[in-house]
Structure formats: structure tokens, C-alpha cells
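Hi,

Here is the structure I promised to pass on. Have a look at it first, and then read my notes below.

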Amino acid sequence: LSFLITPTKVDRKNLEPSDICFVSKNKCCRHDEKCDVVASSKTSSPPSSHKRRRIRRHKRRRIDVSCNLRYHPIHHPHSPEHVCPSRAAPIHATIYAEHPEITCIMVVQPPFATSFCVTGEPFDASGIPEALIVLHDVKKVPFESILVDQGKEVSRILDPKKGVNTILITGYGLLTVGTGGMKSCLLKTFVQLECCENMCGVYLTAKSRGHPHLLTPAQVRDINNTFYQGH
């Protein structure tokens, strides 16, 4: 299992392609197995030059290496400090491992969508047909789903084949995934992100002016039958 991810403690506005971290996990391991995990960037030395850290299950502390990845620091070319992959890397690893068809993951905190994450306000994608077609079924999960189980609950809920690509995480933000080739999946994932953020903004604006009118169950069913085979 290997993937690219943004680094932690680096300003996103100033990110360069060379700043993206490469995370590699040599094999999926159980609690009682050894596992080598190496992280590097394009500007760092090849992974083989890093001294690999072996992760074992300690007698007093059980470490789930299937999701709790460990990395070696990365030397950043623009900073004297060491840079490591994003702290969300274990969540990404869990999703990629359980969904081989997923090729892109975006986790963001846009203002309108995040407002739904920090309140108990439910989100319904059936406000307008375009949002329902793009987003289909947006789930909402508690913050503990990423804090405790390193994304296993999120991974279980995600189902791209049934149109479940976007999740709102309480107290955290928006997570959306894409499938397919790199160029197409990046665009598709960003469109889902943008559509969810815009729909949240439309819903909040509409609610401030009155009661939002959603699509009827019959209309939702017709759209689902057309684009998602009834799911």
C-alpha cells in the first residue's frame, strides 16, 4: 500500500509539488506481525536509504499497525525542520486498503459544509437535482469515528458503487473520495467537494429566508433509478 499525501505543519498556500509526501507501507500487518513503514518526498533520499523502523506489538501496549502508521521524519527543502505526512495519513491508509477502487481522498474544512459539522443540523442533498446526482447520499458520522478507530467507520460507510462518496464528520469537516484515473478522479472529487459546499450554502441561505423545499420522494426515486440503479 502506498499513496501521496500533503505534509503536516506546512502552509497549504505555499505547497509545491515537491512538498507532497510519499507514504509506503510494505505490507498489511496484523497486531502480532512486524511491519515496515517508510515515508519520503520527491526531494528526499530514496526510501531504501532511510533506516526503517520496525513496529512490534509491545506486551503492555497493543499497536494496531493496520491503521496506526509510523513514519520517519522527512527533510523539507524549504525548512530546516523535519516534515512528516499529514496526521490524517492513517485514515487515508485505512480507506485505500479497504477500497482499492478509490484513488483520491480530499479532507477539507470549507465554511458552509463545516457549519453542518459543528451543529446538529441535518444535511439533505435533495435540494436541487444537480446536487442529488453529484452527491447522492451524504452521510454524517461522529468525530470519534476518526479519533478512535482511525477511519474504519468512515471506510465502512463509503461505497462509491452506490454513490456514497461524501461524508460530513462532526466537529471536523468534509471528506470526499473519487475513483478512476488520476486526472479524472481529482476533478470528480473536487466537483463533489464544491457541490457539497455550495449546496450547504444554498440550504443555509434558503433557511434564513424561509423553509427550504426539497425534491419530493418520487422525484428522488426517479433520479436514483436513473443514475444509481435504485440505490
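Which residues do ring pairs link into a cluster? They are F116, F123 and Y203. Keep in mind that this is a predicted model.

Since we're on rings, let me finish that topic. The count of aromatic pairs comes to four. One of them joins F3 and Y96, a tilted pair with 5.3 Å from centre to centre and 40° between the planes. F3 sits in strand 1 (residues 2-5) and Y96 in helix 1 (residues 89-98), so this pair ties together parts that are 93 residues apart in sequence. Both F3 and Y96 are buried. Then there is F116 with F123: the ring centres are 5.6 Å apart and the planes meet at 85°, over the 60 degrees that the class asks for, so this pair is edge-to-face. F116 and F123 are both buried as well.

Now the overall picture. The protein has 231 residues, and 44% of them are buried. You'll find seven helices and 10 strands in it. Of the contacts with a separation of 6 or more, 60% are between residues 24 or more positions apart.

Next, cysteines, in case you were wondering about disulfides. A disulfide is a covalent bond between the sulfur atoms of two cysteines. How many does a search of the whole structure find? The answer is zero. Take C117: the closest cysteine sulfur belongs to C200 and is 7.6 Å away, which is too far for a bond because a disulfide needs the sulfur atoms within 2.5 Å. C185 is in no disulfide either, and its nearest cysteine sulfur, that of C104, lies 4.6 Å away. C117 has 1% relative accessibility, so it counts as buried. C185, at 0%, counts as buried too.

On to the pockets. The largest pocket holds about 680 Å³ of space. Its lining is made up of 23 residues, with L4, I5, T6, H92 and I105 lying nearest the centre. Strand 1, helix 1, strand 7 (102-108) and helix 6 (182-209) are the elements that give two or more residues to that lining. Which of them provides the largest share of the lining? That would be strand 7, with six residues. By class, the lining of the largest pocket has 16 nonpolar residues, six polar ones and one charged.

The second largest pocket has about 220 Å³ of space. Among the residues lining it are T8, K9, R12, R87, F143, Q150 and Y172. By class, that lining splits into six nonpolar, three polar and three charged residues.

One last spot to click on is Q109. This residue is in the loop between strand 7 and helix 2 (111-117). Is Q109 buried or partly exposed? Its relative accessible area is 47%, so Q109 is partly exposed. Leaving out residues up to four places away in sequence, Q109 touches T114, Y172 and G173. Y172 is also one of the residues that line the second largest pocket. The C-alpha atoms of Q109 and L175 are separated by 8.9 Å, with their positions 66 residues apart along the chain.

That's what I have for now. Shout if anything is unclear.

Cheers

Key: Residues numbered from 1 in each chain as written. Predicted model: local features only at pLDDT ≥ 70, side-chain atom pairs only at ≥ 80, totals over all residues. Heavy atoms only, no water. Phe/Tyr/Trp six-rings, centres within 6.5 Å; stacked < 30°, edge-to-face > 60°. Helix = DSSP H or I, 4+ residues; strand = E, 2+ residues; numbered from the N terminus. Buried < 20%, exposed > 50% of the residue type's maximum accessible area, 1.4 Å probe, protein only. 1 Å grid on protein atoms, 1.4 Å probe; cavity = no way out; pocket = protein on both sides within 12 Å on 5 of 7 lines; lining within 4 Å. Points joined across faces, edges and corners; volume = space filled by probe spheres on them. Nonpolar A, V, L, I, M, F, W, Y, C, P; charged D, E, K, R; others polar. Contact = heavy atoms within 4.5 Å.
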